[in-house]
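Take a look at the fold below. Keep the sequence at hand while reading.

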Amino acid sequence: MLLEIKNVQVHYHKVAALKGVDMAVPDNGIVTIIGANGAGKSTTLRAISGLVRISHGEIVFAGQRIDRLPPEKIVALGIAHVPEGRRVFPDLSVEENLRTGAFLRSDRSAIESDLEDVFKRFPRLKERRVQWARSLSGGEQQMLAIGRALMSRPKMLILDEPSMGLSPVMVQEMARIIRDIVERGVPVVLVEQNAELALKLARFAYVLETGKIALQGPAHELHDNEHVRRAYLGA
């Protein structure tokens with residue numbers, strides 16, 4: 001397994017946000033985490049990327065324990081996190097935003113090559129490369145956030161609610177982008193409020209409820225699970 005989360009607990013002050021979570025992510029495909037608001041989905045992602053400290057357990061990436069490392073060291077090891085809400089730098093241009101994703105790299109020629117690859121993957125960003133990020137639509141900002149993450153040459157990509165606030169057309173475009181990333185060899189950990197979309201994209205799924213894993217299994221099996229259909233799919 002590329003990533004292993006072992007009995008992880010996270011507390012905010014004295015409140016337990018994660019209560020002994022175990023997960024595993026292989027080196028290919030998409031693993032999704034679904035659940036209600038406040039279930040601990042974003043906290044799980046933030047624990048992986050070092051943005052919150054775990055109070056118990058271990059997180060191991062590519063054979064190395066990472067839960068005691070600062071976020072920049074985790075990025076350097078190959079984990080890129082696209083947070084909920086995009087969080088682009090509004091007063092930087094599209095190109096400047098993308099270049100911030102390579103701030104830990106020193107291979108200049110490869111950076112230029114990767115920048116052109118991002119522009120090929122996201123033609124809209126190339127058209128707007130000199131525009132301020134604040135002038136982009138929500139979908140374009142999400143593309144920019146993903147492109148910025150890809151500029152770090154990640155071994156694994158973490159996506160937190162990539163379809164939030166997007167039009168139905170852009171949601172389908174985002175699904176295509178995620179599939180393309182996986183087909184190019186980068187596994188994805190996906191948190192997505194749109195459970196229908198998440199379960200269609202993913203190979204394996206976890207259902208997180210009040211800080212604990214309630215269900216897990218192949219995504220297509222959870223899609224047909226009665227509890228999941230009632231609670232998350234509106235069936």
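What follows goes from the sheet to a helix and then to the cores.

The model is a predicted one. Begin with the sheet. It is open and has four strands, in the order 2-1-4-5. The pairing is antiparallel. Which strands stand at the edges? They are strand 2 (15-25) and strand 5 (64-65). Each has a single partner strand, so one side of each is left without a neighbour in the sheet. In general, strands of a sheet pair through backbone hydrogen bonds, either parallel or antiparallel.

Now take one pairing inside this sheet. Strand 1 and strand 4 (residues 56-61) run antiparallel, and five bridges join them. I5 marks the register: its bridge partner in strand 4 is I59. Helix 1 (residues 41-48) packs on the sheet. Helix 1 touches strand 1, strand 2 and strand 4. The direction of helix 1 makes about 115° with that of strand 1.

K6 lies in strand 1 (residues 3-12). Is K6 buried or exposed? Neither label fits: the relative accessibility of K6 is 34%, so K6 counts as partly exposed. Buried would need a value under 20%, and exposed one over 50%. Leaving aside residues up to four places away in sequence, K6 touches V21, D22, G57, E58 and V60. Among these, V21 and D22 fall within the range of strand 2 (15-25). G57, E58 and V60 fall within that of strand 4 (residues 56-61). Q193 is 187 residues from K6 along the chain, and their C-alpha atoms are separated by 24 Å.

Turn to helix 4 (residues 108-121). It has 14 residues, which should span 20 Å at 1.5 Å a residue. The end C-alpha atoms of helix 4 are 20 Å apart, which agrees. Its buried residues are A110, I111, D114, L115, V118, F119 and R121. An α-helix has 3.6 residues a turn, so residues three or four places apart point the same way. What do the buried residues of helix 4 pack against? Their partners are helix 3 (94-100), helix 5 (123-127), helix 6 (138-150) and helix 7 (168-183).

Last come the cores. The largest nonpolar core has 50 residues. I146, L157 and V188 have the most contacts inside it. Helix 7 gives the most to this core, with eight residues. L157 shows what such contacts look like. Residues up to four places away in sequence aside, L157 touches A80, V82, A149, L150, I181, V186, P187, V188 and V189. Another core, of 28 residues, lies apart from the largest one. L18, A47, I74 and L208 are among its members.

Notes. Residues numbered from 1 in each chain as written. Predicted model: local features only at pLDDT ≥ 70, side-chain atom pairs only at ≥ 80, totals over all residues. Heavy atoms only, no water. Helix = DSSP H or I, 4+ residues; strand = E, 2+ residues; numbered from the N terminus. Buried < 20%, exposed > 50% of the residue type's maximum accessible area, 1.4 Å probe, protein only. Contact = heavy atoms within 4.5 Å. Pairing = 2+ DSSP bridges. Axes fitted to C-alpha atoms, helices over the stretch in contact; angles between N-to-C directions. Expected span 1.5 Å × (residues − 1). Core = buried A, V, L, I, M, F, W, Y, C linked by side-chain atoms within 4.5 Å.
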